[in-house]
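Trainee: I have a new structure to read and I'm not sure where to begin. Could you walk me through it?

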Amino acid sequence: MSSSSVVYLLLTLIALTLPSTCLPSESSSTATENILVATNGLPFPWSKLRLPNYIIPIHYHLLIHPNLTTLRFNGSVKIEIDVKNNTNWVVLHSKNLEITAATVLDESETHLFDKPLPVLEYPPHEQIAIFSPKILTSGEKYFLYLEFSAVLNDGFFGFYKSSYKTTEGETRVLASTHFEPTSARMAFPCFDEPNFKANYSVRIRRGPSHIALSNMPIEHTVELHNGLFEDRFEASVQMSTYLVAFIVCDFKSVSKRTVTGIDVSIYAVPHKWHQTHYALEAAVKLLEFYETYFNIYYPLPKLDLIAIPDFQSGAMENWGLTTYRETSLLYDPDVSSTSDKLWVTMVIGHELAHQWFGNLVTMEWWSDIWLNEGFARYMEFVSVEATYPQLKVEDYLLDTCFAAIGRDSLNSSRAISCSVENPTQIKEMFDTVSYDKGACILHMLRHFLTDDVFQSGIVRYLRKFRYRNAKNEDLWDSLINTCSEEDFTSGQFCYSDTQATKNAYRFAGEHIDLKKMMCTWTLQKGIPLVTVKRQGTKLYIEQERFLKTVQPSDPLWQSMQTGYLWHIPLTYKTSHSNNEMRHILQTKSDVLVLDEDVNWVKFNTDMNGYYIIHYDAKGWNVLIELLKVNHSAVSFKDRANLIHNAFQLVTAGRLTLDQALDLITYLNSETHNVPLLQGLGYLESFYKMIEKRNIADITHNLKTYILQYFRDVIDKQTWSNEGTVSDRRLRSELLSLACDLGHAPCLEKAKHFYQTWVTSNGTISLPSDVTETIYMVGAQDENGWQYLLEKYGVSMSEAEKCKILAALASSKDSSKLLRLLELGMEGSVIRTQDLSTLIYTVARNPAGHFLAWNFVKKNWNKLVEKFQLGSFSMRNIIIGTTGQFSSKEELANIKDFFDSIKEQSSQLRVTQVAVENVEKNILWLERNLETLRTWLQQRLN
């Protein structure tokens, strides 16, 4: 067929054979403009980023053969498809794959055509189209067969190569996958959208010295000619493409069976096998907890957890084969700290929660990714508190909500559920709003509904939508439906006569429309500020949107407030109440009447709600006095909440800095680590910002004040691993700060430990909770820094390497910092996976903050190539380097750079966040510098 007749045929088929639902009604001129051109110059038959919905994948039969010597892979896929509308085209995803053959088979797997079919490719949409000369008929089943090959990816997405060094120094290569959100299409042609769930039968070819892993157990292994083996895996349950996984490696494992017969295994490089035992214990315990909590058995026969040497994120929930960064799975009792142990436990808790939230029930589209990530983040706290109460995980929930508020109080925030289309926008959804704010509103909801009602509601949700996809409102519908477990029929909703009033809950005697309430938290961005004014026994309350960079006097203020209204489940306690009182605020303002006169009132009990509270001057003064006289009158969570709210209100210009500083003067009698570290954290952040601005008198006075005022609690700390998890966390943070501020006893002790460690050639064990502080002090001279760099190169523990790298990046020598950044970019001594954290750490160092930003600007294109635009790593780099700036000149510099990369920066929400963060810092200094100077002078005199 001549090329001109092919073009004519294709154009005709585009017009005639695609379902009418797929073609927008436009004028002929617009339609012509919208015709996309494939790589071979022919028109591409589909113009949208989302795939057409008239071809549904049912079952993938996938063969993959990676060559770990040539670093390439080839494969084939036979996809059983269900055709909903007559068509000549099959459009699906493929990225950087060379399609070497394509054909269509009928239901009996007979070839419909003698010759390979033409394949068109449109790389901007990462799509291919296969043309069938014979119409594929609606209601019929067909098989699409494709052969393909590609290079093993050099980054962290798709099917990519990783490597490690043995104890003898030999480099060994493995191949692993990471598909979420849109990278399955880099490993095999597929319908790469979460609502195209299908079954997968996977076969993997490998050499005799390797093993192959996938989502399911191996059914059997066949020995092929030429010394190869083919592992054939059992067919999977229905799942989304992003959850498919396969790995070829030579790792070792430990295994254990749960009480319900699930085989759990932990895999790691052979010489780190001894670091897998804690993860195995935790995984079994957490899996058993979730089966009980969700009242749904884990549906696969096995669950593997594997530590990949090169891994960009923390972990990935692939069904039955969860993948982890080594620091998120491996625990070495000799060098890992109590914080390392908590991190490993929480990450495993997160990924195992996903086996239900995300895998069993998947969001319909990435706009609702919070249904996966917010739930998994929240279930970390629920599961670890139940299984490892000694780890005190609830201490960290407040920090999660504080992080969410930090982002949500900027105008550049976004709604939890919001529209996204392209891969960059989708990647940006994996942020603190989806994870942390998602977790915090779920915590608020659980507290509002009670634990039992919340739990039974999410069990209903999981049962109704298992092996299916769900939307935001599906969750609220499941929680609204209050039928009992016995009322279930066939896993569907029940609507029995005894069911409570549909769509209503009682809260403080008020009927609540739960769906309407929760939509105010998920469909609009931001966080509410509730102002409380007390007059006698009346409490006058008002709500508005809380913003840190815009004041009521600003011309933009009104437009940023219009249309914002939350349904807020308020809780409060008074000096005369033993029980928590409740009220739903559904209007801009309201009046509450107390039963009697009280000395004080504290809203947002235990910070179970996601909102900021501002009291009138009298209200704040009474609470400041209460903390000085009897701080235990309110819980440690309430104390931390008051500290957080006060300093957030200072940043927003609603409270004076001296009031917030007066509030935390009680901290020298504080015994709980959460409020103590919260208050100290603010002082430390002010110190870091002012130190970078070279304001010598305030820098000196603030350092002096911290060391004088907190001297007793600092000097009480022992250089050991003794005490509870809370004690150990406090010790680690306090001694790090004291040495950083140059506290002489701290420096002397750290130097002594460091010299003893060096003399032993690193063979003695340092107290793991203070190891990083000891290394940081040791890294400040030439010999100490060089010795640590050598130790970094040979250490077998990623937890230890993280501590060494943080110490190396604390050097005051800018040439050393630049050398570290170059080593991170080069990727052999310092792995590329650690580069974004390294850049962030260097930027926090006063000697490195301009250096890090200039490095990012110079290497921008290389960084985007390594980490992908929109990824967590790129966001970390942008926020980490710019977040240290606080002058108008620096702000102009940032804006100029973002303008110079407009094609990329215009796609990113994070650039707006970065600019607004610097504007916030500038405003803070303008408003508060003189107040801080005066307050410190008065305190120190």
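Mentor: Let's take the core, the disulfides, a few helices and some polar contacts in turn. Keep in mind that this is a predicted model.

Trainee: Fine, the core then. How many residues does the largest nonpolar core have, and which have the most contacts inside it?

Mentor: Here's the general idea: in soluble globular proteins, nonpolar side chains tend to be buried together. In this model the largest nonpolar core has 314 residues. Those with the most contacts inside it are Phe188, Phe191, Phe246, Leu305, Ile348 and Phe603. Helix α3, residues 277-294, gives the most to this core, with 12 residues.

Trainee: Let me zoom in on one of those. What does Ile348 touch?

Mentor: Leave out residues up to four places away in sequence, and Ile348 touches Ala279, Ala282, Ala283, Leu286, Leu305, Tyr324 and Leu329. Leu305 is also on the list of residues with the most contacts inside the core.

Trainee: Now the cysteines. How many disulfides does the structure hold?

Mentor: To read a disulfide, look for a pair of cysteine sulfur atoms within 2.5 Å. The structure holds two. In one of them, the sulfur atoms of Cys401 and Cys440 are 2.1 Å apart. The angle about that S-S bond is -110°, and the link is left-handed.

Trainee: Which parts does that pair tie together?

Mentor: Cys401 sits in helix α6 (residues 397-408) and Cys440 in helix α8 (residues 432-449), so the disulfide ties together parts that are 39 residues apart in sequence. Both cysteines, Cys401 and Cys440, are buried.

Trainee: And which cysteines make the other disulfide?

Mentor: Cys739 is joined to Cys746, with 2.0 Å from S to S. The torsion about the S-S bond of Cys739 and Cys746 is about -100°, so that disulfide is left-handed. Cys739 and Cys746 are buried too.

Trainee: How about Cys519: where is the nearest cysteine sulfur?

Mentor: The nearest one belongs to Cys418 and is 14 Å away, and Cys519 is in no disulfide. Remember that buried means under 20% relative accessible area. Cys519 has 23% relative accessibility, so it counts as partly exposed. Cys190, by contrast, has a relative accessible area of 0%, so Cys190 is buried.

Trainee: Back to α8. What span should its 18 residues have?

Mentor: A helix can be checked by its length: at 1.5 Å a residue, α8 should span 26 Å, and its end C-alpha atoms are 24 Å apart, which agrees. Next, look along the helix for a bend: α8 bends by about 25° at Gly438. As for cover, 17 of the 18 residues of α8 are buried. Thr450 follows the helix, and its phi is positive, near 85°.

Trainee: Can we try another helix? Which residues of α11 are buried?

Mentor: Helix α11 runs over residues 514-522, and Leu514, Met517, Met518, Thr520, Trp521 and Thr522 are buried there. It's also worth looking at where a helix begins. At the start of α11, a side-chain oxygen of Asp513 reaches to within 3.3 Å of the backbone nitrogen of Lys515.

Trainee: On to charged residues. Is Lys816 buried or exposed?

Mentor: Check the accessible area before guessing from the residue type. For Lys816 the relative accessible area is 9%, so Lys816 is buried. You'll find Lys816 in helix α24, residues 814-826. Its side chain and that of Glu782 are joined by a polar contact of 2.5 Å. Beyond its neighbours within four places in sequence, Lys816 is in contact with Glu782, Trp785 and Ser811.

Trainee: And Asp231: buried or exposed?

Mentor: Asp231 has 1% relative accessibility, so it counts as buried. Asp231 belongs to strand β15, residues 229-233. A polar contact of 2.5 Å links the side chains of Asp231 and Arg206. Residues touching Asp231 from beyond four places in sequence include Val202, Ile204, Ala212 and His220.

Trainee: One last stop, a loop. Where is Thr260?

Mentor: Thr260 is in the loop between β17 (252-257) and β18 (263-268). With 36% relative accessibility, Thr260 counts as partly exposed. Setting aside neighbours within four places in sequence, Thr260 is in contact with Glu291 and Tyr297. The side chains of Thr260 and Glu291 are joined by a polar contact of 2.6 Å. Thr260 and Pro301 are 41 residues apart along the chain, and their C-alpha atoms are separated by 9.8 Å.

Notes. Residues numbered from 1 in each chain as written. Predicted model: local features only at pLDDT ≥ 70, side-chain atom pairs only at ≥ 80, totals over all residues. Heavy atoms only, no water. Core = buried A, V, L, I, M, F, W, Y, C linked by side-chain atoms within 4.5 Å. Buried < 20%, exposed > 50% of the residue type's maximum accessible area, 1.4 Å probe, protein only. Helix = DSSP H or I, 4+ residues; strand = E, 2+ residues; numbered from the N terminus. Contact = heavy atoms within 4.5 Å. Expected span 1.5 Å × (residues − 1). Bend = angle between axes of the 7 residues up to and from the residue. Polar contact = N/O pair within 3.5 Å; in protein donor to acceptor, adjacent residues only side chain to side chain.
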